[in-house]
Amino acid sequence: MQCIDRYDVIIVYSTSAAIRDTLVKAHKIGKPFEVLILKQDFTKTRKLIWTASGENIDHEIIPEYNLSNCIAKANKFFLGTVSITPDNKAVCPLGAAEVVSLCHLNKVPIYLFANSLKFSHKPSHDHRIHEKRETRTEGQTAYSMTIHSHCLVELDHVDYIVREDGVFPWPEFKQRFMS
């Protein structure tokens, strides 16, 4: 809860239990804040919606492609990761790199939640980011589309790493744990 202050407006783009737990704990101790939930694939977003609704956490659901219209009211971005690699990248949910870029451009601090088990010894290019091609038809138009399972986020665009042992500014974390 070190990363939630009173009256924060936090963008969340993750299915991370650690993020959901952090939001619930902060709410239970009485910190007023709002969550802007970026809607991804509904099967991924619904747990966060259920948590926010069930715990009466003030929240709004926004399609991820509409964030640029709402980013001015946010002051933090929470993101989960599958893995952090030794070449300073995070394997994150598909679409996260674009959200990180928008937050970085708008100077919204980015908090990457990654417990110590999420650290990989393999560089990012060795992670299995699956590629799938789908044929779709919309109206009278048929097309082939390529979809990936995850994306890579440059850790130099992240402001803080949140682990089970604390919140670390990225430069400090990089020096202490990545050298």
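Strand 11 and strand 12 run antiparallel, and 4 bridges join them. The connection between them is a hairpin, made through 2 residues. One pairing to look for here is R163, whose bridge partner in strand 12 is G166. Bear in mind as we go that this is a predicted model.

Let's widen the view to the sheet. Strands 11 and 12 sit at one end of an open sheet of 7 strands, in the order 3-2-1-4-7-11-12. The pairing is mixed. Which strands are the edges? They are strand 3, residues 59-63, and strand 12, residues 166-169, each of which pairs on one side only. From one strand to the next, the twist averages 25 degrees.

On its other side, strand 11 meets strand 7, and those two are parallel, with 3 bridges. There, Y111 stands opposite Y160 of strand 11. At the far edge, strand 2 and strand 3 are also paired in the parallel sense, over 5 bridges. In that pair, K39 is opposite P63 of strand 3.

Now the helices. Helix 3 lies across strands 1, 2, 4 and 7, and its direction is at about 160 degrees to strand 4. Helix 4 lies across strand 11, residues 160-163, and strand 12, running at about 100 degrees to strand 12.

Next, the interior. The largest nonpolar core has 31 residues, and the members that touch the most others are I11, F77, L79 and L112. Several elements supply at least two residues each, among them strand 1 (8-13), strand 4 (76-80), strand 7 (110-113) and helix 4 (170-177). Which element gives the largest share of this core? That is helix 3, with 4 residues. There is also a second, separate core of 19 residues, and its members include C3, I4, I19 and F33.

Take L112 as an example from the largest core. Setting aside neighbours within four places in sequence, what is L112 in contact with? The list includes L79, G80, T81 and I84, then A90 and C92, and further along the chain L155, V158, Y160, I161 and V162.

Last, confidence. The protein chain has an average pLDDT of 86, and 88% of the residues score at least 70. Where is confidence lowest, and where is it highest? Strand 10 has the lowest mean, 77, while strand 7 has the highest, 96. As a general caution, predicted coordinates should not be read in detail where pLDDT is low.

Terms used:
Residues numbered from 1 in each chain as written. Predicted model: local features only at pLDDT ≥ 70, side-chain atom pairs only at ≥ 80, totals over all residues. Heavy atoms only, no water. Core = buried A, V, L, I, M, F, W, Y, C linked by side-chain atoms within 4.5 Å. Buried < 20%, exposed > 50% of the residue type's maximum accessible area, 1.4 Å probe, protein only. Contact = heavy atoms within 4.5 Å. Pairing = 2+ DSSP bridges. Axes fitted to C-alpha atoms, helices over the stretch in contact; angles between N-to-C directions. pLDDT = per-residue confidence, 0-100.
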